[in-house]
Amino acid sequence: MAITKGFSRPAIDSAVAFRAVMTAMARPGAAFEVLDVEPPVGLSPAAASVALTLFDIETPVYLGASVNTPDIKQWLLFHTNAPFTQPEEAMFALGSWEDLQPLNQFSVGTPEYPDRSATLIVDIEAWDGVTARLSGPGLENPICAQLPALEPLQLNSALYPLGCDFLFTCCAEVMGLPRSTKLEVA
């Protein structure tokens, strides 16, 4: 397999992608375009861009079954050198919504260190699913967003200040859902 390129201009492109990820987390429910990269088959450009931005040698990563392929693993290792691990030890998890169930297999942090929770990068095919009403930090007024499911995300939010953070990726866009976001049926 020939490894496809990552960022064309690594320093600049990773800074632009990082800004998109941080903006997505600061404005839950809104989708933001990230830089286009050439990921291996099975990984969206947005998920690949987020991985290139956040993964490194010090961030253990869990790969769900849909993305745990030799080509994707080799691509991630070449571009990020991130170690692969089991769900309970992961700082980041990458995969489809189904791959990452149940959510309670990932670290939610501790009362002393809530920042030691996992961030789940959920690669979806389309912005569809359950319409949820989002409110909380970063949202002046409640907004509606399409999420793969509601109940597991509500249970996660109820753990706040503990809980996982989410980055939903679709095609070339990323949408953030911090653990502090409250979710209701729209």
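Trainee: In this predicted model, does Asp13 count as buried or exposed, and at what relative accessibility?

Mentor: The model is predicted. The cut-off for a buried residue is under 20% relative accessible area. Asp13 therefore counts as buried, its relative accessibility being 6%.

Trainee: With which residue does Asp13 form a salt bridge?

Mentor: The closest N and O atoms of the pair are 3.0 Å apart, and a salt bridge requires a distance within 4 Å. The partner counts as partly exposed, at 47% relative accessibility. The residue that forms the salt bridge with Asp13 is Arg9.

Trainee: How many residues apart in sequence are the parts that Glu184 and Arg133 tie together?

Mentor: The side chains of Glu184 and Arg133 meet in a salt bridge, at 2.7 Å from N to O. Glu184 lies in strand β9 (residues 182-185) and Arg133 in strand β5 (residues 130-135), so the parts tied together are, in sequence, 51 residues apart.

Trainee: Which residue forms a salt bridge with Arg179?

Mentor: Arg179 is buried, and its partner is buried as well. The closest N and O atoms of the two are 2.9 Å apart. Arg179 lies in the loop between β8 (173-177) and β9, and the partner in strand β7 (residues 165-170), so the pair ties together parts 14 residues apart in sequence. The partner is Asp165.

Trainee: With which side chain does the side chain of Asp123 make a polar contact?

Mentor: Asp123 lies in strand β4 (residues 119-123). Asp123 is buried yet has no salt bridge, the nearest side chain of opposite charge, Lys73, being 17 Å away. Its contacts beyond four places in sequence include Gly42, Ser44 and Cys170. The polar contact, at 2.8 Å, is with the side chain of Thr169.

Trainee: Why is there no bond between the sulfurs of Cys170 and Cys171?

Mentor: A disulfide requires sulfur atoms within 2.5 Å. The closest cysteine sulfur to that of Cys170 is in Cys171, and this is too far for a bond because the distance is 4.0 Å.

Trainee: Within what arc do the buried residues of helix α3 fall?

Mentor: In α3 (residues 70-80), the buried residues are Ile72, Trp75, Leu76 and Thr80. They line one face of the helix, because, seen down its axis, they fall within an arc of 95°.

Trainee: Which residues are exposed on the other side of α3?

Mentor: The buried residues of α3 have a cover that includes α2 (45-54), β2 (61-63) and β3 (92-95). On the other side of the helix, the exposed residues are Pro70 and Phe78.

Note on methods
Residues are numbered from 1 along each chain as its sequence is written. This is a predicted model: local features need pLDDT of at least 70, side-chain atom pairs count only at pLDDT 80 or more; totals for chains, interfaces and linings use all residues. Side-chain values use heavy atoms; hydrogens and water are left out. Buried means under 20% relative accessible area, exposed over 50%, partly exposed in between (1.4 Å probe, protein chains only). Helices (H or I, at least four residues) and strands (E, at least two) are DSSP runs, numbered from the N terminus. The arc is that of the directions from the helix axis to the C-beta atoms. Contact means heavy atoms within 4.5 Å. Lys and Arg count as positive and Asp and Glu as negative; His and the chain ends are not counted. A polar contact is a pair of N or O atoms within 3.5 Å; within protein, one must be able to donate a hydrogen and the other to accept it, and residues adjacent in sequence count only if both atoms are side-chain atoms.
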